[in-house]
Amino acid sequence: MTSGSTHALIHLVGRNPTITGAEIASELSPPPQFERASFESYRPDPDFPSQQAALDGLGEFAAAWRAQRPGGFFSRNRKPKSELPGVYLDGGFGVGKTHLLAALWHVAPGPKYFGTFIEYTALVGALGYAQAVKLLTGARLISIDEFELDDPGDTMLMTRFLGELMASGTRVAATSNTPPNALGEGRFAAADFLREIHALSSNFETLRIDGLDYRRRDTEGHAEALPTDAGVVHTAEALASRGHRVSLDGFDELIAHLATVHPSKYIKLIDDVEYIALEGVHELTDQNAALRLVAFIDRVYDAEVPIIASGTPLDQVFAADMMAGGYRKKYLRAMSRMIALTTGELPPHD
């Protein structure tokens with residue numbers, strides 16, 4: 001990586017943030033771009049009627065707010081839709097799922113929590129299972145963005161965790177690119193956990209949302225990349241000289257550093273950073289490194305921090321064999337977001 005900057009550039013690889021369970025819990029609210037998300041500000045695409053149908057379905061879910069009847073998470077008798085304690089937004093990228101999830105959160109009575117799947121698993125890890133359940137017991141709504149089960153441990157943990165909370169009266173709303181009865185499909189031996197997955201899905205009404213990815217509607221081609229590392233350094237220094245807080249790191253160094261930081265801490269890794277500059281981007285061949293990059297990009301996108309990069313366009317960093325595997329949907333989401341982050345196309349809602 002080029003060094004010797006004369007301006008106050010930040011280096012993410014030099015940061016080793018810590019985060020406590022209390023800090024994770026205190027930040028369980030919609031990210032900044034969704035602070036004012038509402039049902040009224042969601043604009044359904046008339047070419048895709050499922051968007052209006054999802055909006056109407058969430059309106060019914062919100063209007064019916066009440067304590068759930070006893071019965072338990074693993075009840076064999078599927079409750080009528082109006083009685084289900086969960087609602088699940090299933091759809092592609094950039095069709096407004098997160099906007100609608102945040103809008104529901106805003107109209108829900110408290111106490112309530114909003115976070116990504118990884119934030120909830122990190123909360124359990126930081127506090128311990130019993131303390132995490134105790135903390136969230138009594139919540140009227142738990143919103144889970146990017147619900148994705150990537151390993152058997154997470155399957156068992158979140159099934160049990162949400163089961164206890166739903167049984168106590170908490171309602172749950174979630175988004176994902178995978179329908180709830182297919183969670184884990186293609187990533188591990190889902191048949192071994194079929195009972196748990198079906199128990200989870202039977203408590204949710206699924207609202208399908210079709211549409212075009214708004215992040216790519218006006219964007220052709222790929223994520224933008226400067227032709228040289230020197231161009232990245234020059235741009236970073238110019239921004240820093242104007243008083244902006246800019247980080248500058250080599251791509252390989254950042255990828256290696258992400259392996260030393262828990263994904264729940266990535267948001268603190270970019271705390272107060274206004275621009276991220278990366279030198280020498282190239283294709284990744286290690287899937288663990290690729291998944292860490294996906295988690296990092298999710299947090300960068302939530303924080304609305306633009307990226308300036310050189311080398312391979314960021315949306316081309318995932319190798320062909322990765323794109324053909326079980327994590328394909330995660331990679332596609334990250335690619336969509338990296339296009340937005342490098343082209344200045346950061347719209348007001350997801």
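**Notebook: chain overview, one sheet, one helix pair**

I began with contacts in the protein chain between residues at least 6 apart in sequence, and found that 85% of them join residues at least 24 apart. I note here that the model is predicted. I then looked up the make-up of the protein chain, which has 14 helices and eight strands. I also checked burial: of the 350 residues of the protein chain, 54% count as buried.

**Sheet**

I went to the open sheet next and asked in what order its five strands lie. I read the order as β2-β3-β4-β1-β5, and the pairing is parallel. I looked for the edge strands and found β2 (112-116) and β5 (204-209), each of which pairs on one side only. I took the turn between neighbouring strands of this sheet as well; on average it is 15°, with direction ignored.

I started at the β5 edge. I counted six bridges between β5 and strand β1 (residues 86-91), which pair in the parallel sense. I picked out one residue of this pairing, glycine 91, and its bridge partner in β5 is isoleucine 209.

I moved to the other edge strand, β2. I find β2 joined by five bridges to strand β3 (residues 141-145), and the two run parallel. I noted lysine 112, which stands opposite leucine 141 in β3.

I wanted to know how many of the five residues of β2 are buried. I get four, so β2 is largely enclosed by the rest of the structure. I record this beside the edge position, since β2 pairs on one side only. I kept in mind the general point that in a regular strand the side chains alternate between the two faces of the sheet.

**Helices α2 and α3**

I turned to a helix pair. I recall that two packed helices are described by the angle between their axes and the distance between the axes. I looked up both for helix α2 (residues 49-63) and helix α3 (residues 97-107): the axes come within 10 Å and cross at roughly 20°. I applied the cut-off, by which angles under 35 degrees count as roughly parallel, and α2 and α3 are therefore roughly parallel to each other. I have the crossing of α2 past α3 down as right-handed.

I asked which residues make the contact. I list Ala54, Leu55, Leu58, Phe61 and Ala62 on the α2 side, and Leu100, Leu104 and Val107 on the α3 side. I sorted the contact of α2 with α3 by class and got eight nonpolar residues, with no polar and no charged ones.

How values were computed: Residues numbered from 1 in each chain as written. Predicted model: local features only at pLDDT ≥ 70, side-chain atom pairs only at ≥ 80, totals over all residues. Heavy atoms only, no water. Axes fitted to C-alpha atoms, helices over the stretch in contact; angles between N-to-C directions. Parallel < 35°, antiparallel > 145°, perpendicular 65-115°, else oblique. Left-handed = near helix turned anticlockwise from the far one by under 90°. Contact = heavy atoms within 4.5 Å. Nonpolar A, V, L, I, M, F, W, Y, C, P; charged D, E, K, R; others polar. Pairing = 2+ DSSP bridges. Buried < 20%, exposed > 50% of the residue type's maximum accessible area, 1.4 Å probe, protein only.
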